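Morning, everyone. Let me put the structure up, and then we can walk through it together.

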Amino acid sequence: MTLTLSFHGAAGCVTGFCARLETGQASLLIDCGMFQGPKTLKALNYDPLPFDPRGVDAVLLTHAHIDHSGLLPKLMKAGYQGPIYATAGTRDLCAVMLADAGGIQESEVRQLNRRNERRGREPVEPIYTAEDAEPTLALFLKVKLGEPVAVAPGVTAIYWEAGHILGAASIEVRVETEHGLVTLLFSGDLGPGGRDYSSDPEGPSGVDYLILESTYGDRERTDASPDDRRRQLAEVLNQAQTAGGPLLIPAFAVERSQELLADILTLMRDGQVPECDVFLDSPLAIEATEVFRQRGWIRSTGRNPFEDLHASDHLKFLRDPWESDTLERLSGWHIILAASGMCDAGRVRKHLRRLLWNRKATVLLAGYQAVGTLGRILAEGAERVRIQGEDIRVRAAIRTLDVYSGHADARGLAAWAKARGPVRGAAFLAHGEPPALEGLKARLVAQGAPADRVLVPTMDQTFRLSLGRAEIAEGPRRIAAGAAAQPDWHNARAALLLALDARLEGLSDADRAVLLKRLELSLGSGEGAPVEAPVAPAQADAATGPDSPRSS
């Protein structure tokens, strides 16, 4: 019996994780995530899945983040009716996240179709709707950490604490073959450990194949105790208050929003920062907060740090759009948390559009910012950005803080991998951009892993697995190798428009006319120009390709 392992997402990038394991007796998916980032990558969300959903026997879900769970409704609509195995926390978070993702797609597609109609283009359909989430949730089967579950003929799964977000797990898959037992361990997203808001990541030792996330594979962070973390946050808050304007925090709706809120309220209660109104402007984050209030018990600390996160005099929950719009009338010191964490969708974009030009305002980026996202562009020091077709000069203070990361850094990833040894077959590095993947591979080799057994798969690449060897089995690919983590032509087009506007501003009317004439001549008549294909709408809590690349 030959096992095959295919990587249909988060291969060479940090989005859309989906691995397919075929045993000869069963076909399983580990996660089924939505693509985010550059628009070329997001367009894959609309394409047919690269396998027959009706031939899949089970889905093993590591956690609820949309880049791991977001295409489950698409899978269901395409004919999948099997079980989706997940922890109780993951299932409860998916109940709010998948419906929210469907609703956002409907809204984004309505706006896109209005533009398409004006441009004479065909309308597009959402990948799925909010209503599609309910039948998808009916497929969920809850599992408990540490308890073996028979998920398919000859296949047993064990879920391990991943320490990433509420309910997140690493998944050990044991496959009975004619040559003996083969074990694979899918890390999912791993937490850094040593935190008061989540448990430390765990896992078995002595596996045949390790599939390891690599988000921070080339970065080391300074270890921060809970007190250090709050001290660093207090510095940013106090600087923002001194600046005299609002603090806008683009925050992931799940885990990051809850952790930031808990720390902000603690700092205000202890008198370390001035009190002010704090607005949670994200319906998804509000719903997720209730899940954390119910299920946020931390084994290592014996308490639920989120139980006090409810609407109060200082903490305001804004569910309806009209409530969000009232923030435009506020001035002075206040705090807004809004999705998405990478600034590419949701309500945070309208706040950025109205605040980025304001010298008194502060924007705090408190999470990972993927290539091609507006958050990454702001973090890299863009002086101008383009949001929803509007050019905006960046005058607000842009701050970054990585002590809230839900991912292990390079040292943590290498240490966790070493503790899982000996790895008898190979380690596959996924869920990372190329520098992170190469950085983590170098670390694993330095601590004793054979270089030819640390593999970096590309999108849609398939491997044949035996008891101690992995061989490449080439197959069709949807995008070119290496293209998944690169800004695309949409980013280049927007950068060109920003550069053109900046150049025109400094010219006389006569010189502007000359420049535009030169551009017109270089473009030719424009007849027969290709029509832009529709792309997937942005998702509210993730890295989606922006209209706003850095100015050149």
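A quick definition before we start: a patch here is made of residues with over 30% relative accessible area and no salt bridge, and like charges are joined within 9 Å. Keep in mind, too, that this is a predicted model.

So, which residues form the positive surface patch? They are Arg110, Arg114, Arg115, Arg118 and Arg119. Take Arg110 as the example. Arg110 sits in helix H4, which covers residues 88–119. How much of Arg110 is accessible? Its relative accessible area is 49%, so Arg110 counts as partly exposed. That also puts Arg110 over the 30% that a patch asks for.

Next, a helix with much more cover. Look at H10, residues 348–355. Helix H10 is mostly covered, with six of its eight residues buried. Which ones are buried? Val348, Arg349, His351, Leu352, Arg354 and Leu355.

Now salt bridges. How many does a search of the whole structure find? The count is 31. I will pick out a few.

Start with Arg230. One partner is Asp196. The closest N and O atoms of that pair are 3.7 Å apart. The two residues come from distant parts of the chain, 34 residues apart. Arg230 is in helix H6, residues 226–243. Asp196 is in the loop between strand S10 (180–186) and strand S11 (209–213). Buried or exposed? Arg230 and Asp196 are both buried.

Arg230 has another partner, Asp263. Here the N to O distance is 2.9 Å. Arg230 lies in helix H6 and Asp263 in helix H7, residues 256–269, so this salt bridge ties together parts that are 33 residues apart in sequence. Asp263 is buried, as is Arg230.

Step back from the pairs for a moment. Which residues are linked in the network of salt bridges around Arg230? Asp196, Asp227, Arg229, Arg230 and Asp263.

One more salt bridge, for contrast in cover. Arg376 meets Glu380, side chain to side chain, at 3.2 Å from N to O. Arg376 has 23% relative accessibility, so it counts as partly exposed. Glu380 is partly exposed as well, with a relative accessible area of 43%.

On to the cysteines. A disulfide is a covalent bond between the sulfur atoms of two cysteines. How many disulfides does a search of the whole structure find? Zero.

Why is there no bond at Cys32? The closest cysteine sulfur to that of Cys32 is in Cys18, 4.6 Å away, and that is too far for a bond. The cut-off for a disulfide is 2.5 Å between the sulfur atoms. Cys32 is buried, at 1% relative accessible area.

Cys94 tells a similar story. Its closest cysteine sulfur belongs to Cys32, 11 Å away, so again the gap is too far for a bond. Cys94 is buried too, with a relative accessible area of 0%.

Last stop: Asp47. Where is Asp47? Find the loop between helix H1 (39–42) and strand S4 (58–60). At 33% relative accessibility, Asp47 counts as partly exposed. Now set Asp47 against Asp189, which is 142 residues away along the chain. Their C-alpha atoms are separated by 25 Å.

That is the tour. Over to you for questions.

Terms used. Residues numbered from 1 in each chain as written. Predicted model: local features only at pLDDT ≥ 70, side-chain atom pairs only at ≥ 80, totals over all residues. Heavy atoms only, no water. Patch = residues over 30% accessible without salt bridge, like charges linked within 9 Å, V, L, I, M, F, W, Y side chains within 5 Å. Areas by Shrake-Rupley, 256 points an atom, 1.4 Å probe, with all protein chains shown as cover. Salt bridge = Lys/Arg side-chain N within 4 Å of Asp/Glu carboxyl O. Lys, Arg positive; Asp, Glu negative; His and termini not counted. Charge placed at Lys NZ, Arg CZ, Asp CG, Glu CD. Helix = DSSP H or I, 4+ residues; strand = E, 2+ residues; numbered from the N terminus. Buried < 20%, exposed > 50% of the residue type's maximum accessible area, 1.4 Å probe, protein only.
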